[in-house]
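Trainee: I should like to request a close look at a single part of this protein. Please set out the surroundings as well.

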Amino acid sequence: MHLLYDADCGFCSRSASWLVAWGVPGVRSMQSVDLPSLGVDAARAGREIPAVLADGRVVYGARAIGEALRFGPLWLRVAGWLVRGPLAWPAALVYRVVARFRHLLPGGTGECRLG
């Protein structure tokens, strides 16, 4: 599994470093991989974080984060289960708001602004 974050975005980079510190494997920058060879839509990846699952499927946004959390410590696995299951729609809503305003969040810069 690969969770692909935007290395040009300070907020995304900071968030990715937390996931790595918490032991989530496969966290990589989008800029360090060949997106088309992984089946990732580059335009969509610019708006929503992608995750490439072990079976090759690509998921985006809150679902991608929920999938990545499955590989962390217990408390992250529980959060991932909630994001993928009973709290999927509120997680998707929160994700859209955070993505839209990531340039205003801690670590965010003008580079974080979506199109």
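Trainee: Does Arg 102 count as buried or exposed, and at what relative accessibility?

Mentor: Arg 102 counts as buried because its relative accessibility is 9%, where buried means under 20% relative accessible area, exposed over 50% and partly exposed in between, with a 1.4 Å probe and protein chains only. The model is predicted, so local features need pLDDT of at least 70 and side-chain atom pairs pLDDT 80 or more, while totals for chains, interfaces and linings use all residues. Residues are numbered from 1 along each chain as its sequence is written, and side-chain values use heavy atoms, without hydrogens and water.

Arg 102 is placed in the segment after helix 6 (helices are DSSP runs of H or I with at least four residues, strands runs of E with at least two, numbered from the N terminus). The side chain of Arg 102 is joined to that of Asp 6 by a polar contact of 3.5 Å, meaning a pair of N or O atoms within 3.5 Å, one able to donate a hydrogen and the other to accept it, with sequence neighbours counted only if both are side-chain atoms.

Helix 6 (88-100) also gives two or more residues to the largest nonpolar core, as do strand 1 (2-5), helix 1 (10-21), helix 4 and helix 5. Such a core consists of buried Ala, Val, Leu, Ile, Met, Phe, Trp, Tyr and Cys residues joined through side-chain atoms within 4.5 Å. It has 22 residues, and those touching the most other members include Leu 3, Tyr 5 and Val 24. Another core, of 7 residues, lies apart from it, with Leu 4 and Met 30 among them.
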